[in-house]
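These are my notebook entries on a single protein chain. I set down what I looked up, one topic at a time.

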Amino acid sequence: MAAGVTSILNFAPTVLTVPDGVDVRKVDLSIELQILAFHEQRKAGEEAANQAANPTAAHRGDSAEQGPDGDVPAVMPA
């Protein structure tokens, strides 16, 4: 506190004891990684479902653009 520190972001798996006037925010990195992994799995599931629902677009690859109805046009505009 003598150096002017009034806020601490704590990544360590320990509880900090600080004087009054100092705010501590604990971040649990294992929980944050679990959240990121959950979102990645959900995105992968959605992509798999989209490919299963539209196999021609999946066969053409990610570069094929979809039209307004979700279908891939037979002729791509120049």
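Entry 1, a loop glycine. I began with G21, which counts as exposed because its relative accessibility is 55%, and the cut-off for exposed is over 50%. I located G21 in the loop between β1 and β2 (23–26). I then looked up the spacing between G21 and S7: the two are 14 residues apart in sequence, and their C-alpha atoms lie 8.6 Å apart in space.

Entry 2, confidence. I note that the model is predicted. I found a mean pLDDT of 81 for the protein chain, with 71% of its residues at 70 or more. I then asked which element has the lowest mean pLDDT and which the highest. Helix α2 (residues 55–60) has the lowest, at 59, and β1 has the highest, at 96. I keep in mind that predicted coordinates should not be read in detail where pLDDT is low.

Entry 3, layout of the chain. I counted 2 helices and 2 strands in the protein chain. Along the sequence, I read their order as β-β-α-α. I also looked at contacts between residues at least 6 apart in sequence, and found that 0% of them join residues at least 24 apart.

Entry 4, surface and burial. I recorded an accessible surface of about 6700 Å² for the protein chain, and carbon and sulfur atoms account for 58% of this area. Of the 78 residues in the chain, 9% are buried.

Entry 5, N10. Is N10 buried or exposed? I found that N10 counts as buried because its relative accessibility is 5%, where the cut-off is under 20%. N10 belongs to strand β1. I followed its side chain to the backbone nitrogen of A12, which the side chain of N10 reaches at 2.9 Å. Leaving aside residues up to four places away in sequence, I listed the residues that N10 touches as L16, V24, R25, K26 and V27.

Entry 6, a nonpolar patch. I next looked up L9, which also lies in strand β1, residues 7–10. On the surface, L9 forms a nonpolar patch with F11 and L29. Together, I note, these residues have about 300 Å² of accessible area.

Entry 7, a salt bridge. How many salt bridges does the count give? I found 1 salt bridge. The side chains of E40 and K43 form a salt bridge, with 3.0 Å from N to O. I asked why E40 and K43 are separated by about one helical turn. The reason is that E40 and K43 are 3 residues apart in helix α1 (residues 29–53). I checked the accessibility of each partner as well. E40 counts as partly exposed because its relative accessibility is 48%. K43 likewise counts as partly exposed, given its relative accessibility of 39%.

Note on methods:
Residues are numbered from 1 along each chain as its sequence is written. This is a predicted model: local features need pLDDT of at least 70, side-chain atom pairs count only at pLDDT 80 or more; totals for chains, interfaces and linings use all residues. Side-chain values use heavy atoms; hydrogens and water are left out. Patches are made of residues with over 30% relative accessible area and no salt bridge: like charges are joined within 9 Å, nonpolar side chains (Val, Leu, Ile, Met, Phe, Trp, Tyr) within 5 Å. Accessible areas come from the Shrake-Rupley method with a 1.4 Å probe; for residues, only the protein chains shown count as cover. A salt bridge is a side-chain nitrogen of Lys or Arg within 4 Å of a carboxyl oxygen of Asp or Glu. Helices (H or I, at least four residues) and strands (E, at least two) are DSSP runs, numbered from the N terminus. pLDDT is the predictor's confidence in each residue, from 0 to 100. Buried means under 20% relative accessible area, exposed over 50%, partly exposed in between (1.4 Å probe, protein chains only). A polar contact is a pair of N or O atoms within 3.5 Å; within protein, one must be able to donate a hydrogen and the other to accept it, and residues adjacent in sequence count only if both atoms are side-chain atoms. Contact means heavy atoms within 4.5 Å.
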